[in-house]
Amino acid sequence: MNSADSGALREAEWHLNASSLTLYGQKFLGFQNIQTGDGQTVTVMAIHADSIDLVDMVTYNEDGNLPVLSNGGKGADVHLTNVTLHVLQQKGTLVSPLPLGPVTLGPPGEAGTDLASQLVMALLPLDLPFPETFTDVSVDQYLLTSDTLDIPGFNVLAAPAGTNAKAAHAAH
């Protein structure tokens, strides 16, 4: 496992939900140890993609201080280019290039133990040149960097006092 650069930013966990997520030009960067905002070390699955398309994206953070909700909008297409992700766990239904059904991806201890999840995890290091499409996606991640974030009607909201971001997400 690679350790993150000691000068790197500390990372906060974000949750992303989308009805569809497609990765183009995906490259598996391995499992990396990163430092979270509260100083913990967490192992993540590092992924790079030339681009990612999401439909119906909502992402939120619950860092214990001020939950933040970012709503891409129902039916809105979100396009990202030159993307790097630090994924703790990704759940969804893989529909292409192989329709394997529900899978859970992530570093050891977070990835699913079912045959489909283990097959996808075994294939990741091969950096296959096919777009990968997942539906009903839920991702727990610590980092998302991108050259462009094309999010129609993008808005970021602080969750109302006394609620958590998941409840605020459900209301959108």
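Start with the whole protein chain, coloured by burial: of its 172 residues, 44% are buried. Keep in mind as you go that this is a predicted model. Switch on the surface next, and you have about 8700 Å² of accessible area, with 56% of that belonging to carbon and sulfur atoms.

Now change to a cartoon view. You should be able to pick out two helices and eleven strands. Following the sequence from its start, the order is β-β-β-β-β-β-β-β-α-β-β-β-α. If you like contact maps, here is a figure to check: among contacts between residues at least 6 apart in sequence, 72% join residues at least 24 apart.

**Stop 1: strand E7 and its partners**

Select residues 77-96, which make up strand E7. Which strands pair with E7? One of them is E4, residues 41-55, which runs antiparallel to E7 and is joined to it by ten bridges. To find your place on that side, select Ala49 and look across to Val83 in E7, which stands opposite.

Another partner is E9, residues 132-145, again antiparallel to E7 and again joined by ten bridges. Thr84 is a good marker here, since Thr145 of E9 stands opposite Thr84.

Then add residues 101-105, strand E8, which pairs with E7 over five bridges in the antiparallel sense. Highlight Gly92 and Val103 together; Val103 is the E8 bridge partner of Gly92. E7 and E8 form a hairpin, with four residues between the two strands.

While E8 is selected, colour it by accessibility. Is E8 largely enclosed or open? Four of its five residues are buried, so E8 is largely enclosed by the rest of the structure.

**Stop 2: the turn of the hairpin**

Zoom in on the loop between E7 and E8, where you will find Pro97. Check omega for the peptide bond from Ser96 to Pro97: this bond is cis, with omega near 10 degrees. As background, most peptide bonds are trans, and most residues other than glycine have a negative phi.

That brings up two residues to look for on a Ramachandran plot. Asn82 is not a glycine, yet has a positive phi of about 50 degrees. Asn82 belongs to strand E7, and with a relative accessibility of 35% this residue counts as partly exposed.

For the other, select Asp127, again not a glycine and again with a positive phi of about 50 degrees. Asp127 sits in the loop between helix H1 (115-123) and E9. Its relative accessible area is 33%, so Asp127 is partly exposed.

**Stop 3: two residues of strand E2**

Move to residues 14-24, strand E2, and show the side chain of Thr22. Is Thr22 buried or exposed? Its relative accessibility is 9%, so Thr22 counts as buried. Draw a distance from the Thr22 side chain to that of Thr133, and you will find a polar contact of 3.0 Å. Setting aside neighbours within four places in sequence, Thr22 also has Ser51, Ile52, Asp53, Pro131 and Glu132 among its contacts.

Now select Leu21, also in strand E2. Because its relative accessibility is 6%, Leu21 counts as buried. Outside the neighbours within four places in sequence, the contacts of Leu21 are Ile52, Asp53, Leu54, Glu132, Thr133, Phe134 and Val137. For one more distance, try Leu21 to Val78: their C-alpha atoms lie 9.4 Å apart, while 57 residues separate them in sequence.

**Stop 4: the cavity**

Keep Leu21 on screen, as it will reappear in the lining of the largest cavity. The idea behind the search is simple: rolling a probe the size of a water molecule over the atoms shows where empty space is left. How many cavities of 30 Å³ or more does the structure hold? The count is one. The largest cavity contains about 60 Å³ of space.

To see what surrounds the largest cavity, select this set as sticks:

- Leu16, Leu21, Ile52 and Leu54
- Leu80, Leu85 and Gln90
- Val139, Gln141 and Leu144

Colour those sticks by strand to finish: E2, E4, E7 and E9 each supply at least two residues of the lining. Three of these strands will be familiar from the first stop, where E7 was joined to E4 and to E9.

Notes. Residues are numbered from 1 along each chain as its sequence is written. This is a predicted model: local features need pLDDT of at least 70, side-chain atom pairs count only at pLDDT 80 or more; totals for chains, interfaces and linings use all residues. Side-chain values use heavy atoms; hydrogens and water are left out. Two strands pair if DSSP finds at least two bridges between them. Buried means under 20% relative accessible area, exposed over 50%, partly exposed in between (1.4 Å probe, protein chains only). Contact means heavy atoms within 4.5 Å. Accessible areas come from the Shrake-Rupley method with a 1.4 Å probe; for residues, only the protein chains shown count as cover. A polar contact is a pair of N or O atoms within 3.5 Å; within protein, one must be able to donate a hydrogen and the other to accept it, and residues adjacent in sequence count only if both atoms are side-chain atoms. On a 1 Å grid over the protein atoms alone, a cavity is a set of points where a 1.4 Å probe fits but cannot get out, and a pocket is an open set with protein on both sides within 12 Å along at least five of seven lines; lining residues have an atom within 4 Å of a point. Grid points are joined across faces, edges and corners, and a volume is the space filled by probe spheres set on the points.
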